[in-house]
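Trainee: I have a model open and some questions about its loops, strands and interior. Can we go through them one at a time?

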Amino acid sequence: MPHTTSIAYFVNDHVTGFQCNIGLITDGKKQWQKYYNYPHMGVGFYHSGLGNDQVYGKVNALFFYFDRMFLKNKRHINLGNRISFGLGYINKRFDMVNDYYDVAIGSKLNVYINYSLEGTVRLAPKIQMKLGLGFSHMSNGRFFEPNKGLNLVTSLVGIQYAIKEPTQYFLPEYQDNEVTEKNQVMVMGAWGQKQISRRFSDRFSVEALSAEYSHKVSRTGWLGLALNTYYDPSLKKELSLDSITASKSDLIRVAVNLSYELKMGKVSYVIQPGIYLKNSYTTPGIFCNRIGIRYQINRHLLAGITIKAHWVAIADFIEWGIGY
């Protein structure tokens with residue numbers, strides 16, 4: 001799905017590839033596992049072309065995945081979805097001398113994200129056929145320029161084999177151990193690096209501080225607000241390109257984001273669309289969105305990786321954070 005004409009111009013072939021996964025079926029020992037209908041969790045490997053082997057090369061990705069069915073697992077025909085998050089290695093990247101046509105990616109190592117809608121047909125007690133439609137995104141979060149990113153929309157067909165009949169994994173008895181807290185307040189500090197243009201070799205460190213409140217709106221969903229403050233030295237360079245002299249206060253950005261967190265045990269996925277309240281460099285616009293994954297280390301501490309972007313998917317930088 002080339003989102004710029006410069007990428008579309010060199011796409012001359014269909015994207016074809018394969019994917020292998022291995023995982024475990026949850027058994028309902030945790031409350032969220034039964035709520036999500038005993039999902040599968042595991043690791044996978046993905047390989048495909050990118051529409052032009054000479055310019056864009058091929059991608060290999062290693063990822064963690066979360067796979068759930070919407071209907072009861074005993075049904076012969078079912079429908080579900082999958083979320084995957086990991087690292088993708090692209091064997092070609094932008095190079096001023098050898099590959100200057102590739103303005104999509106400036107690094108070989110990138111973040112890999114996939115969301116798929118899947119249908120299953122049970123062929124035997126342990127064998128299912130899968131059909132689906134998937135969306136994949138790869139980028140480096142502007143750690144290297146260029147970073148327009150690569151988006152793939154693919155249809156899929158596959159076979160899934162279970163070592164023993166899946167329904168035998170489920171616990172016959174279930175005890176409710178649902179978390180009783182309805183509100184959470186969190187403070188998180190984060191750090192990242194970015195490059196603002198392939199014309200400059202400078203890399204800038206960005207620091208972020210977030211305060212977040214959310215309320216439990218379902219068994220696994222939390223809705224709230226986040227106030228995010230960024231200290232971004234790259235803005236001095238950006239403003240100087242527009243012939244504006246930057247002060248220290250111009251290097252500070254403040255944003256407010258709506259927050260939705262989907263918790264799956266210790267792991268949670270976070271989506272935060274937002275707008276700037278303070279931003280001296282207005283070229284990217286007022287919208288600043290965040291999407292990421294968090295891991296609950298213990299009752300109070302958590303770690304997270306978040307991609308901060310402008311508009312829908314123009315990456316600003318990747319945040320590595322620790323929160324309380």
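Mentor: Helices and strands here are DSSP runs, at least four residues for a helix and at least two for a strand, numbered from the N terminus. Keep in mind that this is a predicted model.

Trainee: Where does Asn37 sit, in terms of helices and strands?
Mentor: Look at the two elements on either side. Helix H2 covers 31-35 and strand S2 covers 40-49. Asn37 lies in the loop between H2 and S2.

Trainee: What is the phi of Asn37?
Mentor: Start from the general rule. Most residues other than glycine have a negative phi. Asn37 is not glycine, yet its phi is positive, near 65°.

Trainee: Is Asn37 buried or exposed?
Mentor: Buried means under 20% relative accessible area. Asn37 has a value of 11%, so the residue is buried.

Trainee: What is the phi of Tyr38, and where is that residue?
Mentor: Tyr38 is also placed in the loop between H2 and S2. With 14% relative accessible area, Tyr38 is buried. Tyr38 is a residue other than glycine with a positive phi, near 55°.

Trainee: Why is Val312 classed as it is, buried or exposed?
Mentor: Val312 is in the loop between strand S15 (302-310) and strand S16 (314-323). The cut-off for exposed is over 50%. Val312 has a relative accessible area of 77%, so the class is exposed.

Trainee: What separation is there between the C-alpha atoms of Val312 and Gly44?
Mentor: Along the chain, Val312 and Gly44 are 268 residues apart. In space, their C-alpha atoms are separated by 27 Å.

Trainee: Which side chain makes a polar contact with that of Ser139?
Mentor: Ser139 belongs to strand S6, residues 127-139. Its relative accessible area is 3%, so Ser139 is buried. Setting aside residues up to four places away in sequence, Ser139 touches Ile105, Asn110, Val111, Asn147 and Gly149. The side-chain polar contact, of 3.1 Å, is with His137.

Trainee: Which strand gives the most to the largest nonpolar core?
Mentor: That core has 17 residues, and those with the most contacts inside it are Tyr46, Leu50, Tyr56, Ile90, Met138 and Leu150. Strand S3 (58-69) and strand S7 (150-161) each supply at least two residues of this core. The top contributor, with four residues, is S3.

Trainee: Which residues does Ile90 contact, leaving aside neighbours within four places in sequence?
Mentor: Ile90 is listed among the core residues with the most contacts inside the core. Its partners include Lys58, Val59, Ile105, Lys108 and Asn110. Also in contact with Ile90 are Leu50, Tyr56, Met138 and Leu150.

Trainee: How many residues are in the other core?
Mentor: This core lies apart from the largest nonpolar core. Among its members are Trp32, Tyr36, Met264 and Tyr269. The count is 10 residues.

Trainee: What is the volume of the largest cavity?
Mentor: The structure holds one cavity of 30 Å³ or more. The largest cavity has a volume of about 40 Å³.

Trainee: Which strand gives the most to the lining of the largest cavity?
Mentor: The lining is Val270, Gln272, Arg290, Ile291, Gly292, Arg294 and Thr306. By class, that is two nonpolar, three polar and two charged residues. Strand S12 (267-272) and strand S14 (288-296) each supply at least two of them. The largest share, four residues, comes from S14.

Note on methods: Residues numbered from 1 in each chain as written. Predicted model: local features only at pLDDT ≥ 70, side-chain atom pairs only at ≥ 80, totals over all residues. Heavy atoms only, no water. Buried < 20%, exposed > 50% of the residue type's maximum accessible area, 1.4 Å probe, protein only. Polar contact = N/O pair within 3.5 Å; in protein donor to acceptor, adjacent residues only side chain to side chain. Contact = heavy atoms within 4.5 Å. 1 Å grid on protein atoms, 1.4 Å probe; cavity = no way out; pocket = protein on both sides within 12 Å on 5 of 7 lines; lining within 4 Å. Points joined across faces, edges and corners; volume = space filled by probe spheres on them. Nonpolar A, V, L, I, M, F, W, Y, C, P; charged D, E, K, R; others polar. Core = buried A, V, L, I, M, F, W, Y, C linked by side-chain atoms within 4.5 Å.
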